[in-house]
Amino acid sequence: MSKNMSAKGGSASGGKNKVRAIFIGTPDFATPSLKVMIDDKQFDIVAVVTQPDKKVGRKQIITPPPIKALAEKNVIPVLQPEKISDIEFEILNLKPDLIIVIAYAQVVPENILNIPKYGVINIHGSLLPKYRGASCIQAAILNGDKKTGITIMKMDKGLDTGSILAQSEIDILKTDTAGSLYKKLSELGAEFLASTLKKYINGKIKPDPQDDSLANYVGLLKKQDGKIDWNKTAVEIERFICAMYPWPGAFASLNIKNKKLNIKILAAESESLSINKYKIGELFLDNNKLAVQCGKDSLVIKKLQLEGKKEIDSEEFLRGYKNFVGKILD
RNA sequence: CGCGGGGUAGAGCAGUUGGCAGCUCGCCAGGCCCAUAACCUGGAGGUCGUCGGUUCGAAUCCGACCCCCGCAA
């Protein structure tokens, strides 16, 4: 009998009326999902809430969040409060049946969570209850997980503690970085969002509470968190570099001509050594390739960037900076 | 006027007590070799970011501007 319901478009509970939804989100991560929701005839996005326009870049140009541009293109009203609680009244007046929150960068207070009858739905970039918190994508790479994924959940007042509606897994490839996974997961989330919401609204999904005993939290990354610890093994550092790419970027520092120079390592590959004969952090040539001695084994550097310089391949780097070989990275 | 680094051959860099523009790699030609991304010989390729100033003479000193990048946000 459930087959009949879905064949009719799953509109048993909503009749001919569309589901009134408010979409809350800010960065690129949320745009594929917003696009899907706009295109789906069964939902009516009555408003989009996003962060205020912020100054961006060296020139400090005031730039609207990506979500705002997409909303305006589709003639959807945009709200940009400093704090979401400032617009509680407006949200109430919009009479949403559903609110979707994706990467908004603010905690949604309980008052607002209680407004829509279907609750507030969130997409999180990990397989909850693993990696609750801000740097969930990076954490999966850092820990060497084989898989990660997205979780669609019904938000409650805790941080990423809501009951789960659906999850979808994805393999973490050796070549994946936080940047590449970010993109894949944002698309994966969008792919499952509309169908999951429909099933949920039609009562075909019962939210499944998380097992808190398996939960762990990962905090927001800071620039300084990108500093490489060369005492770790090459394999760990390789994962670290992928996890920190593109932000905050994995870097090492080097004293050169009495100045401290930061070097970003953008891509590298671990390589096992038969003898670990160099000092930890020392740059050396291995088969004419630039490598660094780690706590165990070595890391062959593929791509790097000096302060004030563009990113370059290590082969090009060596042509101009031959004298860096033998120096020790801090 | 947020702080800082930089623009020199196709690529990455050196060259600032002003005095013929260099290195590594790549490219082209030839040579060696069973052979080669190895080696040897020769060669092409630059208005030294732009404009102006100082000077007998500026990549180098002075001024203005353009562009790239790191930090901070």
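This report walks through the fold, one enclosed helix, the charged contacts and some backbone details of a predicted model.

## About the model

Because this is a predicted model, local features need pLDDT of at least 70 and side-chain atom pairs count only at pLDDT 80 or more, while totals for chains, interfaces and linings use all residues. Residues are numbered from 1 along each chain as its sequence is written, chains are lettered from A and ligands numbered from 1 in the order in which they are written, and side-chain values use heavy atoms, with hydrogens and water left out.

## The chain as a whole

Let's start with the overall picture. Chain A has nine helices and 17 strands; these are DSSP runs numbered from the N terminus, with helices being H or I of at least four residues and strands being E of at least two. Along the principal axes, the C-alpha atoms of chain A fill a box of roughly 75 × 45 × 30 Å. Of its 330 residues, 46% count as buried (buried means under 20% relative accessible area, exposed over 50%, and partly exposed in between, with a 1.4 Å probe and protein chains only).

Contacts (heavy atoms within 4.5 Å) often span long stretches of the sequence: among those in chain A between residues at least 6 apart, 65% join residues at least 24 apart. The accessible surface of chain A is about 17,700 Å², and carbon and sulfur atoms account for 52% of that surface. Accessible areas come from the Shrake-Rupley method with a 1.4 Å probe, and for residues only the protein chains shown count as cover.

## An enclosed helix

Helix α8, residues 234–244, is largely enclosed by the rest of the structure, because eight of its eleven residues are buried. Those buried residues are Ala 234, Ile 237, Glu 238, Phe 240, Ile 241, Cys 242, Ala 243 and Met 244. Their cover includes two helices, α6 (136–142) and α7 (178–201), along with the strands β12 (250–256), β13 (259–271) and β16 (298–306).

## Charges and salt bridges

Chain A carries 49 positive and 38 negative charges, and the mean positions of the two sets are 3 Å apart. Here Lys and Arg count as positive and Asp and Glu as negative, while His and the chain ends are not counted; each charge is placed at NZ of Lys, CZ of Arg, CG of Asp or CD of Glu. The whole structure contains 13 salt bridges (a side-chain nitrogen of Lys or Arg within 4 Å of a carboxyl oxygen of Asp or Glu).

One of them joins Asp 53 to Lys 68, with an N to O distance of 3.2 Å. Asp 53 sits in the loop between β2 (43–49) and β3 (54–56) and Lys 68 in helix α3 (residues 66–73), so this pair ties together parts that are 15 residues apart in sequence. Asp 53 is partly exposed at 32% relative accessible area, whereas Lys 68 is buried at 12%. Another bridge links Lys 227 and Asp 330, whose closest N and O atoms are 3.8 Å apart. Lys 227 is in the loop between β11 (217–218) and α8, and Asp 330 in the segment after α9, so the bridge ties together parts that are 103 residues apart in sequence.

Within helix α7, Glu 187 and Lys 183 lie four residues apart, about one turn of the helix, and form a salt bridge with closest N and O atoms 3.3 Å apart. Lys 147, Glu 169 and Asp 171 are linked in a salt-bridge network.

## A negative surface patch

Glu 311, Asp 313, Glu 315 and Glu 316 form a negative surface patch. Patches are made of residues with over 30% relative accessible area and no salt bridge, joining like charges within 9 Å and nonpolar side chains (Val, Leu, Ile, Met, Phe, Trp, Tyr) within 5 Å. Strand β17 (311–313) and helix α9 (314–320) each supply at least two residues of the negative patch. Asp 313, in strand β17, is partly exposed, with a relative accessible area of 32%.

## Backbone details

Two cis peptide bonds deserve a look. The bond joining Leu 128 and Pro 129 has omega of about 10 degrees, and Pro 129 lies in the loop between β7 (120–124) and β8 (132–133). The bond from Tyr 245 to Pro 246 has omega near 0 degrees, with Pro 246 in the loop between α8 and β12.

Tyr 131 is also in the loop between β7 and β8; its phi is near 60 degrees, a positive value in a residue other than glycine. Asp 297, in the loop between β15 (289–293) and β16, likewise has a positive phi, about 65 degrees. Tyr 131 is buried at 3% relative accessibility, and Asp 297 is buried at 11%.
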